[in-house]
Amino acid sequence: VDPRMSRHDIREYLTKIYDLPVRDVRTEVQMGDIIWNSKLDYQYRKAMWKDEDKKFAYVFMSKGFTFSFPKMFEALEEDIELVKAMKQQEELKDKLNERFANRNRRVGNFLGS
């Protein structure tokens, strides 16, 4: 969730765009991890780095509601055929290069030749 969104923004977003029956929204901000210059010296330690805080939203729906994800990006038949053609091309390339894979490799005596 975007940290700038309030619980009211989240409720409006879900009801207006996805038409979901939102009953309640609760938000929680978790503090990011802090990296200290000394782990054990609690008296004189200083914070060197702090990760960004994360905001979580817990959304409660009406009783008996089941959610199914909308199909936003359906695969087109052209894309599927293109992927198949690319796989076939890779397989053919491997088969054609099998003859030439070990052509320049020397086999025999390593020290005495």
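This note goes through the fold, the confidence, the core and one surface patch of a predicted model.

1. Fold. The protein chain has two helices and four strands. Along the sequence they run α-β-β-β-β-α. Of contacts between residues at least 6 apart in sequence, 52% link residues at least 24 apart.

2. Confidence. Mean pLDDT for the protein chain is 84, and 79% of the residues reach at least 70. Strand S1 scores highest, at 95. Helix H2 (residues 77-97) scores lowest, with a mean of 81. Where pLDDT is low, the predicted coordinates should not be read in detail.

3. Burial and surface. The protein chain has 113 residues, and 6% of them count as buried. About 11,300 Å² is exposed, with 53% of that area coming from carbon and sulfur atoms.

4. Core. The largest nonpolar core holds five residues: Ile10, Leu14, Leu20, Val22 and Val25. H1 and S1 are the elements that each supply two or more of them.

5. Val22. Which residues does valine 22 touch, leaving aside neighbours within four places in sequence? Its contacts are Arg11, Leu14, Thr15, Val59, Phe60 and Met61. Leu14 is also a member of the core.

6. Surface patch. Tyr13, Ile17 and Tyr18 make a nonpolar patch on the surface. Their accessible area together is about 290 Å².

7. Tyr18. This patch residue lies in the loop between helix H1 (7-17) and strand S1 (22-30). Why does tyrosine 18 count as partly exposed? Its relative accessibility is 33%, and partly exposed covers the range between under 20%, which is buried, and over 50%, which is exposed.

Notes:
Residues are numbered from 1 along each chain as its sequence is written. This is a predicted model: local features need pLDDT of at least 70, side-chain atom pairs count only at pLDDT 80 or more; totals for chains, interfaces and linings use all residues. Side-chain values use heavy atoms; hydrogens and water are left out. Patches are made of residues with over 30% relative accessible area and no salt bridge: like charges are joined within 9 Å, nonpolar side chains (Val, Leu, Ile, Met, Phe, Trp, Tyr) within 5 Å. Accessible areas come from the Shrake-Rupley method with a 1.4 Å probe; for residues, only the protein chains shown count as cover. A salt bridge is a side-chain nitrogen of Lys or Arg within 4 Å of a carboxyl oxygen of Asp or Glu. Buried means under 20% relative accessible area, exposed over 50%, partly exposed in between (1.4 Å probe, protein chains only). pLDDT is the predictor's confidence in each residue, from 0 to 100. A nonpolar core is a set of buried Ala, Val, Leu, Ile, Met, Phe, Trp, Tyr and Cys residues joined through side-chain atoms within 4.5 Å. Contact means heavy atoms within 4.5 Å.
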